[in-house]
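Welcome, and please open your viewer. This tour goes from stop to stop, telling you what to select and what you will find there.

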Amino acid sequence: MQAARTVRDVAERLKAKPGQVALAWLLHKGGDIVPIPGTKRRAYLEENVAAAAIELDTAQMKALDAALAPDKISGPRYGEKMMAMVDR
């Protein structure tokens with residue numbers, strides 16, 4: 001939840017959607033990272049494309065890097081009950 005809050009806070013300051021900020025963050029990481037967003041509707045596709053125009057400053061990148069670091073957002077995919085049903 002903390003990671004999502006950071007993304008939402010940055011999005012609010014930029015007057016963008018959180019998904020756009022997430023895509024912009026990935027795009028700012030370098031040319032060797034290519035986000036592949038899924039979408040159902042043309043409007044969402046247009047939002048995703050608009051993420052390429054979002055400029056993140058150094059402070060915003062640092063905040064997002066810290067909030068979205070693998071050790072902060074990783075964990076089990078399923079809870080204990082669901083894991084008991086895997087591979088049955």
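Leaving aside neighbours within four places in sequence, which residues is Gln 60 in contact with? Keep in mind while you look that this is a predicted model.

**Stop 1: Gln 60**

Select Gln 60, which you will find in helix α4. Show what surrounds the residue: beyond its neighbours within four places in sequence, Gln 60 is in contact with Val 10, Leu 14 and Glu 55. Gln 60 has a relative accessible area of 10%, and because buried means under 20%, it counts as buried. For a sense of scale, add Asp 32 to the selection: the C-alpha atoms of Gln 60 and Asp 32 are separated by 20 Å, with their positions 28 residues apart along the chain.

**Stop 2: the core and Leu 56**

Next, please select Val 21, Trp 25, Leu 56, Leu 64 and Leu 68. These belong to the largest nonpolar core, a set of 13 residues, and they touch the most other members. Helices α1, α2 and α4 each supply at least two residues of this core. The largest share comes from α1, with four residues.

Now keep Leu 56 and hide the others for a moment. Which residues does Leu 56 contact, leaving aside neighbours within four places in sequence? Bring them back one by one: Val 10, Leu 14, Val 21, Ala 24, Trp 25, His 28, Met 61 and Leu 64. Two of these names, Val 10 and Leu 14, may be familiar from the first stop, where they are in contact with Gln 60.

**Stop 3: His 28**

From Leu 56, move on to His 28, in helix α2 (residues 18–28). Look at the backbone nitrogen of Leu 56: a polar atom of the His 28 side chain lies 3.4 Å from it. Not counting residues up to four places away in sequence, His 28 touches Ile 54, Glu 55, Leu 56 and Met 61. Is His 28 buried, partly exposed or exposed? With a relative accessible area of 32%, His 28 is partly exposed. You can also draw a distance to Ala 4, 24 residues away along the chain; the two C-alpha atoms are separated by 18 Å.

**Stop 4: Gln 20**

Stay in helix α2 and select Gln 20. At 11% relative accessibility, Gln 20 counts as buried. Not counting residues up to four places away in sequence, Gln 20 touches Glu 47, Ala 50, Ala 51 and Ile 54. Ile 54 is also touched by His 28, while Glu 47 leads us to the next stop.

**Stop 5: the salt bridges**

Side chains of opposite charge can pair when their charged atoms come close. How many salt bridges does a search of the whole structure find? There are three, so let us visit each in turn.

- Select Glu 47 and Lys 17. Their side chains meet in a salt bridge, at 3.4 Å from N to O. The pair links distant parts of the chain: Glu 47 is in helix α3 (residues 42–50), and Lys 17 is in the loop between α1 (2–14) and α2, 30 residues apart. Glu 47 is partly exposed at 22% relative accessible area, as is Lys 17 at 45%.
- Select Asp 65 and Lys 29. In this salt bridge the closest N and O atoms are 2.9 Å apart. Here too distant parts of the chain are linked, with Asp 65 in helix α4 (residues 58–67) and Lys 29 in the loop between α2 and α3, 36 residues apart. Asp 65 counts as partly exposed at 29% relative accessibility, and Lys 29 as partly exposed at 36%.
- Select Arg 42 and Glu 46. The closest N and O atoms of this salt bridge are 3.0 Å apart. About one helical turn separates Arg 42 and Glu 46, because they are four residues apart in helix α3. Arg 42 is exposed, with a relative accessible area of 66%, whereas Glu 46 counts as partly exposed at 45%.

**Stop 6: a nonpolar patch on the surface**

For the last stop, switch to a surface view and select Tyr 78, Met 82, Met 83, Met 85 and Val 86. Together they form a nonpolar patch on the surface, with about 470 Å² of accessible area. Where does Tyr 78 lie? Look in the loop between α5 (70–73) and α6 (80–83). Tyr 78 is partly exposed, with a relative accessible area of 36%.

Notes. Residues are numbered from 1 along each chain as its sequence is written. This is a predicted model: local features need pLDDT of at least 70, side-chain atom pairs count only at pLDDT 80 or more; totals for chains, interfaces and linings use all residues. Side-chain values use heavy atoms; hydrogens and water are left out. Patches are made of residues with over 30% relative accessible area and no salt bridge: like charges are joined within 9 Å, nonpolar side chains (Val, Leu, Ile, Met, Phe, Trp, Tyr) within 5 Å. Accessible areas come from the Shrake-Rupley method with a 1.4 Å probe; for residues, only the protein chains shown count as cover. A salt bridge is a side-chain nitrogen of Lys or Arg within 4 Å of a carboxyl oxygen of Asp or Glu. Buried means under 20% relative accessible area, exposed over 50%, partly exposed in between (1.4 Å probe, protein chains only). Contact means heavy atoms within 4.5 Å. A polar contact is a pair of N or O atoms within 3.5 Å; within protein, one must be able to donate a hydrogen and the other to accept it, and residues adjacent in sequence count only if both atoms are side-chain atoms. A nonpolar core is a set of buried Ala, Val, Leu, Ile, Met, Phe, Trp, Tyr and Cys residues joined through side-chain atoms within 4.5 Å.
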